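Me: Please take a close look at one strand of this model and at the parts of the chain that surround it. I would like one connected account rather than a list.

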Amino acid sequence: MSRYQRQQLVETLRKKGITDERILNAIGTIEREKFIPPTMVHNAYKDIALPIGFEQTISQPYTVAFMTEKLNVKEGDKILEVGTGSGYQAAVLDFLGAKVFSIEINLELHHRTVKLFDKLGIRVHAKYGDGTIGWAEYSLFDGIIVTAGSPTIPPKLKEQLAVGGRLVIPVGGREYQDLYVLTKISEDEFKTEVNPRFAFVPLLGREGWNKK
């Protein structure tokens, strides 16, 4: 896989409306093939989601870029990621200089991705657990990003967001969701922006979906 292919992907994202050059630089630098199964490597720089096992996917690069842009990450921000998955989204946040706290509900996937972080030198505080209830001991967070679709917005995540921070979360049914961007104005007041029609795997957990 070559830097040329990554740059082609960057140009695709630019044409689709991604404007934050820091995010485009991250996508153009991070080797996405490291985060997917060997059988999928030939598709690493297509703008599509790919299966990674455990009924999970690595998100479409456009979706990663769009959600990251909506999160409005600044260097040094403390970001909670719900759904570590392949680790690619966390790698993008780390590249942008965020302090990343990430929770994965699938134990095998958690172990596999933590080993990958160690191998690649990516600095992420990762744990196995139910991300729908957040990570209270490290709150408040400057941003929270949820990488799976939820039936509702988990109350604990809203509580653990700092005033001025943003929560980016897909909300809807099991098949399709709208992407909600909540900006916390005060302790109990949020500004909401809704971006229609995304598709994520279901968010499992106490405040999300049951397994089946």
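**A covered strand and its surroundings**

Reply: In this predicted model, strand E3 (residues 78–82) is mostly covered, four of its five residues being buried. On one side, E3 is joined by five bridges to strand E4 (residues 99–104), and the two run parallel; within that pairing, Ile79 stands opposite Val100 in E4. Between these strands the chain passes from E3 through H4 to E4, making a β-α-β crossover that is right-handed. E3 also pairs with strand E6 (residues 141–146), again in parallel, through four bridges, and here Leu80 is the residue that stands opposite Ile144 in E6.

The helix of the crossover, H4, spans residues 88–95 and includes Asp94. Asp94 is buried, since its relative accessible area is 10%, and its side chain makes a polar contact of 3.4 Å with the side chain of Arg123. Leaving aside neighbours within four places in sequence, Asp94 is in contact with Val100, Ile122 and Arg123; Val100 is also the residue of E4 that Ile79 stands opposite, and this links the account of the helix to that of the strand pairing.

From here the picture can be widened to the nonpolar cores. The largest has 43 residues, and those with the most contacts inside it are Leu13, Phe35, Tyr88 and Leu93. At least two residues of this core are supplied by each of helix H1 (3–15), helix H2 (21–29), strand E1 (50–53), H3, H4, helix H5 (107–120) and strand E8 (177–186), with the largest share, six residues, coming from H3. Apart from this core lies another, of 17 residues, among them Val82, Ile103, Phe141 and Ala148. In soluble globular proteins, nonpolar side chains tend to be buried together.

The burial of helix H3 (residues 61–71) deserves a separate word: ten of its eleven residues are buried, so the helix is largely enclosed by the rest of the structure. The buried residues are Pro61, Tyr62, Thr63, Val64, Ala65, Phe66, Met67, Thr68, Lys70 and Leu71, a list that includes Lys70 and two threonines alongside nonpolar residues. After H3 comes Asn72, whose phi is positive, near 60°.

Leu13 shows how H3 is approached from elsewhere in the chain. Neighbours within four places in sequence left aside, Leu13 is in contact with Ile18, Leu24, Ile27, Asp47, Pro61, Tyr62 and Ala65. Of these, Leu24 and Ile27 are among the buried residues of H2, which are Ile23, Leu24, Ala26, Ile27 and Gly28, while Pro61, Tyr62 and Ala65 are among the buried residues of H3. The buried residues of H2 pack against H1, H3 and H4, and the N-terminal end of H2 is capped by Asp20, a side-chain oxygen of which lies 2.9 Å from the backbone nitrogen of Arg22.

Finally, the loop between H2 and E1 contains Ala44, which is buried, with a relative accessible area of 0%. Ala44 and Arg6 are 38 residues apart in sequence, yet their C-alpha atoms are 9.0 Å apart in space.

Methods:
Residues numbered from 1 in each chain as written. Predicted model: local features only at pLDDT ≥ 70, side-chain atom pairs only at ≥ 80, totals over all residues. Heavy atoms only, no water. Buried < 20%, exposed > 50% of the residue type's maximum accessible area, 1.4 Å probe, protein only. Polar contact = N/O pair within 3.5 Å; in protein donor to acceptor, adjacent residues only side chain to side chain. Contact = heavy atoms within 4.5 Å. Pairing = 2+ DSSP bridges. Right-handed = clockwise from strand over helix to strand, strands pointing away. Core = buried A, V, L, I, M, F, W, Y, C linked by side-chain atoms within 4.5 Å.
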